[in-house]
Amino acid sequence: MYPRLIIDIEKLKTNIDVLGALAKKAGCSLSIVTKSICADDKVCDMIASHPAVSYMADSRTGNLKKYCQKAHEAGKQTLLLRLPMMDEIEDVVKYADISFNSEIATIEALNKEAARQGVIHKVVLMIDLGDLREGIFFKNREEILKAAQKINDAENLNLYGISTNLTCYGAIIPKFDNLSVLCEIAEEIENKLGVKLEMISGGNSSSVYLIDKGQLPDKINNLRPGESYLLGNDTAYGTRIEGTFDDALMIEAQIIELKKKPSVPIGEVGMDAFGNRPEFEDHGIITRAILGIGEQDMDACGMIPLDENIRVLGASSDHMLLDVTNAKQQFSIGDTVKFKLKFGAMLKAATSEYVEKIYK
Ligand SMILES: *Cc1c(COP(=O)(O)O)cnc(C)c1O
């Protein structure tokens with residue numbers, strides 16, 4: 001069935017091998033992030049059995065629930081990346097060994113629930129180093145110390161570490177300088193509270209590039225790559241990570257119409273399907289292919305045709321348009337076109353129930 005997401009498990013495994021070797025060099029453990037591939041069962045089986053992985057991390061409690069037993073049997077801990085919703089505290093304590101937190105009210109609720117379940121829940125305090133998504137702002141040292149103290153004092157919580165997330169909202173790039181602030185904060189907590197923090201987690205895929213540059217501060221001992229093992233790229237500068245595959249995930253879709261037509265629409269231009277006013281370059285008469293896939297299943301800007309002579313023209317909810325005038329292959333109706341993916345397209349394809357997942 002088309003459209004399909006082709007998942008090459010061996011290539012994903014190779015990508016994690018590469019990240020594992022990098023992490024080892026930096027003295028870091030690996031939290032492999034499963035959210036963007038919707039915690040796919042077969043991918044998660046591979047991750048659970050991968051010796052370089054210490055933690056299986058996701059932002060959605062439901063995904064942790066799906067694989068928490070498998071992770072535990074393989075000796076991995078489960079980690080909830082998104083701050084818990086008050087609504088899901090019971091499941092967080094049940095299915096996440098560790099959760100990231102920044103709010104006292106949530107921390108108190110976790111402690112109460114952990115007591116009810118008779119367990120110790122591990123809490124990692126989130127520090128915002130300036131990307132301005134989650135975490136206590138790095139300048140508010142007193143608030144950070146108070147929260148750390150609170151977690152440390154809570155009977156059924158364990159202050160497991162501190163963490164930061166960058167390059168997600170504010171697109172701030174991790175550097176030696178900003179990550180050193182995280183390390184300073186870790187030291188301050190350790191000294192003032194007389195504890196040893198198990199995890200000092202220095203970010204997601206965008207921190208990986210620092211390893212080869214020798215610029216990841218020594219005290220950082222964990223990284224949380226997602227996109228980089230799925231698509232093989234460093235997300236700080238968008239470069240490829242050496243030795244990884246960028247085609248471990250591909251989308252294949254089928255041609256449902258193939259016609260020669262003008263490249264500029266005829267008539268008064270209003271709004272497109274998404275309320276935007278499109279602009280068109282005149283390439284004369286072109287061969288236009290329509291694929292049976294649309295914005296509901298992918299992101300047209302994030303689709304990279306394997307044949308670089310194919311031009312992506314755009315998409316509406318369930319149609320994608322290509323200029324195949326100069327394509328290497330002479331297409332017919334029923335032929336398929338393959339694409340490598342950028343993050344947004346991968347996310348939608350993995351999430352769309354209209355996209356079949358097949359494995360290599
Ligand atoms: C999504 C997420 C990650 C993984 O990010 P990538 O850019 O896919 O590597 C890591 N940490 C947190 C907190 C996240 O939300």
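## Exercises on two pockets and a ligand

In this predicted model, the largest pocket encloses about 820 Å³ of space. Let us begin there and then move on to the ligand.

**Exercise 1. Describe the lining of the largest pocket: which residues lie closest to its centre, and which strand gives the largest share?**

Step 1. Start at the centre. The lining has 29 residues, and those closest to the centre of the largest pocket are Pro-278, Phe-280, Leu-313, Gly-314 and Ala-315.

Step 2. Turn to the strands. At least two lining residues come from each of β11 (249-262), β12 (285-291) and β14 (311-315). Of the lining of this pocket, β14 supplies the largest share, with five residues.

Step 3. Sort the lining by class. You should find 15 nonpolar residues, eight charged ones and six polar ones around the largest pocket.

**Exercise 2. Find the pocket whose space the ligand takes, and describe its lining.**

Step 1. Identify the pocket. The ligand takes the space of the second largest pocket, whose volume is about 690 Å³.

Step 2. Look at the lining. Here 26 residues line the pocket, and nearest its centre lie Lys-35, Ser-36, Arg-133, Cys-168 and Phe-343.

Step 3. Find the main contributor. With three residues, helix α10 (residues 343-351) gives the most to this lining.

Step 4. Sort by class again. The lining of the second largest pocket holds ten polar, nine nonpolar and seven charged residues.

**Exercise 3. Work out which residues surround the ligand and where its polar contacts fall.**

Step 1. List the shell, taking residues with a heavy atom within 4 Å of the ligand. This gives Val-33, Lys-35, Leu-81, Arg-133, Glu-134, Asn-165, Asn-204, Ser-205, Arg-224, Pro-225, Gly-226 and Glu-227.

Step 2. Classify them. The shell around the ligand has five charged, four polar and three nonpolar residues.

Step 3. Check the contacts, keeping N or O pairs within 3.5 Å. From the side chain of Lys-35, an N or O atom lies 2.8 Å from a ligand oxygen. The side chain of Arg-224 places an N or O atom 2.9 Å from a ligand nitrogen. At Gly-226 the partner is a backbone N or O atom, 2.8 Å from an oxygen of the ligand.

Step 4. Ask how much of the ligand is covered. On its own the ligand exposes 390 Å², and the protein buries 94% of that area.

**Exercise 4. Locate a cis peptide bond and a non-glycine residue with positive phi in the backbone.**

Step 1. Inspect omega. The peptide bond between Tyr-2 and Pro-3 is cis, with omega about -5°. Pro-3 belongs to the segment before β1 (4-7).

Step 2. Inspect phi. Leu-132 is not a glycine, yet its phi is positive, at about 65°. You will find Leu-132 in the loop between β6 (121-128) and β7 (136-137).

Note on methods
Residues numbered from 1 in each chain as written. Predicted model: local features only at pLDDT ≥ 70, side-chain atom pairs only at ≥ 80, totals over all residues. Heavy atoms only, no water. Near = heavy atom within 4 Å. Polar contact = N/O pair within 3.5 Å; in protein donor to acceptor, adjacent residues only side chain to side chain. Areas by Shrake-Rupley, 256 points an atom, 1.4 Å probe, with all protein chains shown as cover. 1 Å grid on protein atoms, 1.4 Å probe; cavity = no way out; pocket = protein on both sides within 12 Å on 5 of 7 lines; lining within 4 Å. Sits in = over half its atoms within 2 Å of the grid points. Nonpolar A, V, L, I, M, F, W, Y, C, P; charged D, E, K, R; others polar. Points joined across faces, edges and corners; volume = space filled by probe spheres on them. Helix = DSSP H or I, 4+ residues; strand = E, 2+ residues; numbered from the N terminus.
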